[in-house]
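Here is a short briefing on the metal site of this model. Please keep the structure open while reading.

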Amino acid sequence: MPHANRISRIRSKLAGLELEALLFFDMRNIRYLVGFSGSDGALLVGENGVILMVDGRYVTQAKGEARGAEIFEYSDKIDGIARVVTDAGLRSVGFESVAINFDHYLNLKGKLDGLVLKPISEEINSIRAVKDQDEIELIKKAVEISSRALASTLELVRPGIRERDVALELEYRMKGKGAEKVSFETIVASGKNAALPHATPGSRRIEDGDFVVIDYGAVYGGYSSDETCTFAVGSVTDRQKEIYGIVKDAHDRALDSVKAGVACREVDRVARNHIESAGLGEYFSHGTGHGVGLDVHEAPRLSARSEDYLAAGMVITIEPGIYIPDLWGVRIEDMILVEEDGCEVLTRMPKDLRIL
Ligand code: ZN
Ligand code: ZN
């Protein structure tokens with residue numbers, strides 16, 4: 001009964017927060033807590049009741065999917081929420097302040113005069129960080145679909161093909177192998193474009209001597225995969241080999257530092273120190289990793305300023321990179337499952353330098 005356990009965990013926070021109920025607006029959190037996968041609604045979790053509020057478009061779906069929740073149908077969202085909260089006789093309610101827009105908040109506040117409406121974000125930010133067995137199975141399936149799709153797409157990565165055609169083919173193959181959708185817009189960045197950490201695939205044709213960065217993922221059962229491979233095409237210079245080796249070592253060292261209890265900023269420091277010691281710190285412009293689950297980017301964050309700590313059951317990425325403007329870039333990203341004494345690497349593509 002994963003959903004019942006998740007609701008109990010939320011309830012156990014209520015007393016400490018001096019609140020009678022929590023109001024959720026983030027659809028991923030709502031899916032996590034009750035299983036409803038629609039794209040609009042709100043969820044009230046109180047001491048005694050759980051009420052899923054949806055408009056008419058979602059009533060049938062909510063009845064079919066939601067576990068352990070009463071369904072309330074509204075025609076106006078804010079009116080509906082105000083009515084449910086008022087009817088429940090609540091006096092203090094926490095709400096997901098990061099997931100409601102300011103106009104809606106003002107409107108809701110106006111309708112709940114006299115009630116304490118307390119913004120809660122920090123306290124529930126990491127509720128999904130530790131995965132249970134069911135979630136890990138879905139993530140593994142998402143990884144399997146995506147890596148099989150990439151393995152079969154690599155034969156196309158040759159001088160002359162456009163980045164966008166590689167991306168299109170990879171996405172088509174992921175869907176063909178059972179992905180519900182892609183985790184995010186697939187990145188296929190070649191040559192100079194590989195120096196942009198978030199390049200969109202364009203009409204550039206891959207050339208001999210390029211690095212090609214492919215960052216991609218599939219969604220299965222609502223859960224995402226996320227992996228980056230950097231390949232060399234045709235030939236590779238000594239400098240390219242050297243840079244690839246530095247990123248790979250940073251990745252391996254960070255991976256070795258992972259186990260339950262370690263500070264996320266420590267894992268980031270291990271990767272960053274290695275790249276800095278090679279004199280290339282300025283070219284590693286993003287964090288070392290992030291949690292992955294119902295969202296492709298979720299808690300915890302692995303960056304220099306992160307306050308998070310690793311725990312067994314978290315699924316995170318390790319993804320250092322070096323991006324040399326106007327020249328090329330390298331990123332190596334694996335998804336791993338944090339364990340008490342180390343980690344299990346979930347992604348399957350080998351990460352030694354491969355020349356296609
Ligand atoms: Zn990625
Ligand atoms: Zn990532």
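Glutamate 333 is buried, at 0% relative accessibility. The model is predicted. Glu333 donates through OE to the zinc ion (ligand 1) and also appears among the donors of the zinc ion (ligand 2). The two zinc ions are 3.1 Å apart, and aspartate 226 coordinates both.

**Zinc ion (ligand 1)**
- The protein donors are Asp215 (OD), Asp215 (OD), Asp226 (OD) and Glu333 (OE), at 2.0 to 2.6 Å.
- The 4 donor atoms subtend angles of 54 to 147 degrees, so the arrangement is irregular.
- For tetrahedral geometry, all angles would have to lie between 85 and 135 degrees.
- The donor residues follow the spacing D-x10-D-x106-E.
- Aspartate 215 sits in strand β9 (residues 211-216) and glutamate 333 in the loop between β17 (328-331) and β18 (334-339), so the pair ties together parts 118 residues apart in sequence.

**Zinc ion (ligand 2)**
- Coordination comes from Asp226 (OD), His290 (NE2), Glu319 (OE) and Glu333 (OE), at 2.1 to 2.2 Å.
- Angles of 79 to 154 degrees among the 4 donor atoms make this arrangement irregular.
- The sequence spacing of the donor residues is D-x63-H-x28-E-x13-E.
- Aspartate 226, in the loop between β11 (223-224) and β12 (227-232), and histidine 290, in strand β13 (residues 289-291), are 64 residues apart and link distant parts of the chain.

**Burial of the donors**
- Aspartate 215 counts as buried, at 5% relative accessibility.
- Aspartate 226 is buried, with a relative accessible area of 3%.
- Histidine 290 is buried as well, at 4%.

Methods:
Residues are numbered from 1 along each chain as its sequence is written. Chains are lettered from A and ligands numbered from 1 in the order in which they are written. This is a predicted model: local features need pLDDT of at least 70, side-chain atom pairs count only at pLDDT 80 or more; totals for chains, interfaces and linings use all residues. Side-chain values use heavy atoms; hydrogens and water are left out. Donors are N, O and S atoms within 2.8 Å of the metal (3.2 Å for Na, K and Ca); water is not among the atoms, so sites may look incomplete. Four donors count as tetrahedral if all angles lie between 85 and 135 degrees; four count as square planar and six as octahedral if opposite donors are over 155 degrees apart and all others between 65 and 115; anything else is irregular. Helices (H or I, at least four residues) and strands (E, at least two) are DSSP runs, numbered from the N terminus. Buried means under 20% relative accessible area, exposed over 50%, partly exposed in between (1.4 Å probe, protein chains only).
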